[in-house]
Amino acid sequence: LLRGRISSASQESHETVDGELSSRIFRLIDVMDSGFHNTRYNESSRQKLDMAVLSFFQSFRKVFVGEQAMHSSKVYTRLSENMGLQ
């Protein structure tokens, strides 16, 4: 997911799933910021998680942020619902 725009009728459902996954990543970042993962996981695991989050942000930015992004996307709707964003 988060690969790019598709032209099929299922685009809306893909965007809904992307929005759900995105909101979960943002919640994960809250956990990471709280320091909980620092005490529970070793350095190698934390680095892998950090790299995965960075990869997510690169993909998210390419698809859903910028001049060509569709701000009416279902991703923003799902993020708003799950994260309380407005």
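**Close-up views of a four-helix predicted model**

**View 1. Ser-22 sits in helix α1**. Helices are DSSP runs of H or I with at least four residues, strands are runs of E with at least two, and both are numbered from the N terminus. This is a predicted model, in which local features need pLDDT of at least 70, side-chain atom pairs count only at pLDDT 80 or more, and totals for chains, interfaces and linings use all residues. Residues are numbered from 1 along each chain as its sequence is written, and side-chain values use heavy atoms, with hydrogens and water left out. Ser-22 has a relative accessibility of 0% and so counts as buried (buried is under 20% relative accessible area, exposed over 50%, partly exposed in between, with a 1.4 Å probe and protein chains only). A polar atom of the Ser-22 side chain lies 2.7 Å from the backbone oxygen of Asp-18.

**View 2. The whole chain is helical in its regular elements, with four helices and zero strands**. Read from the N terminus, the order of elements is α-α-α-α. Of the 86 residues in the protein, 22% are buried. The accessible surface comes to about 6200 Å², and carbon and sulfur atoms account for 52% of that surface (areas are from the Shrake-Rupley method with a 1.4 Å probe; for residues, only the protein chains shown count as cover). Among contacts (heavy atoms within 4.5 Å) between residues at least 6 apart in sequence, 59% join residues at least 24 apart.

**View 3. Six residues make up the largest nonpolar core**. The members are Phe-56, Phe-60, Val-63, Phe-64, Val-75 and Leu-79. Helices α3 (43–64) and α4 (74–83) each supply at least two of these residues. The most comes from α3, with four residues. A nonpolar core is a set of buried Ala, Val, Leu, Ile, Met, Phe, Trp, Tyr and Cys residues joined through side-chain atoms within 4.5 Å. In soluble globular proteins, nonpolar side chains tend to be buried together.

**View 4. Gly-19 of helix α1 is in contact with Val-75, Arg-78 and Leu-79**. Those contacts leave out residues up to four places away in sequence. Gly-19 is buried, because its relative accessible area is 0%. Gly-19 and Arg-78 are 59 residues apart in sequence, and their C-alpha atoms are 5.0 Å apart in space. Arg-78 is placed in helix α4 and, at 24% relative accessibility, counts as partly exposed. Setting aside neighbours within four places in sequence, Arg-78 touches Thr-16, Gly-19 and Glu-20. Between Arg-78 and Glu-20, which are 58 residues apart along the chain, the C-alpha separation is 6.1 Å.

**View 5. Glu-20 and Arg-24 form a salt bridge**. A salt bridge is a side-chain nitrogen of Lys or Arg within 4 Å of a carboxyl oxygen of Asp or Glu. For Glu-20 and Arg-24, the closest N and O atoms are 3.4 Å apart. The two residues are four residues apart in helix α1, so about one helical turn separates Glu-20 from Arg-24. Glu-20 is partly exposed, with a relative accessible area of 24%. Side chains of opposite charge can pair when their charged atoms come close.

**View 6. A salt bridge joins the side chains of Arg-46 and Glu-43**. The N to O distance in this pair is 2.5 Å. Arg-46 and Glu-43 lie three residues apart in helix α3, so about one helical turn separates them. Arg-46 counts as buried, at 16% relative accessibility, whereas Glu-43 counts as partly exposed, at 44%. A search of the whole structure finds two salt bridges.

**View 7. Asp-50 of helix α3 is in contact with Met-32 and His-37**. Neighbours within four places in sequence are left aside here. Asp-50 is partly exposed, with a relative accessible area of 34%. The C-alpha atoms of Asp-50 and Ile-29 are 9.4 Å apart, and the two residues are 21 residues apart in sequence.

**View 8. Leu-28, Val-31 and Phe-36 form a nonpolar surface patch**. Together, the three residues have about 230 Å² of accessible area. Val-31 belongs to helix α1 (residues 11–34) and is partly exposed, with a relative accessible area of 38%. Patches are made of residues with over 30% relative accessible area and no salt bridge; like charges are joined within 9 Å, and nonpolar side chains (Val, Leu, Ile, Met, Phe, Trp, Tyr) within 5 Å.

Technical notes: A polar contact is a pair of N or O atoms within 3.5 Å; within protein, one must be able to donate a hydrogen and the other to accept it, and residues adjacent in sequence count only if both atoms are side-chain atoms.
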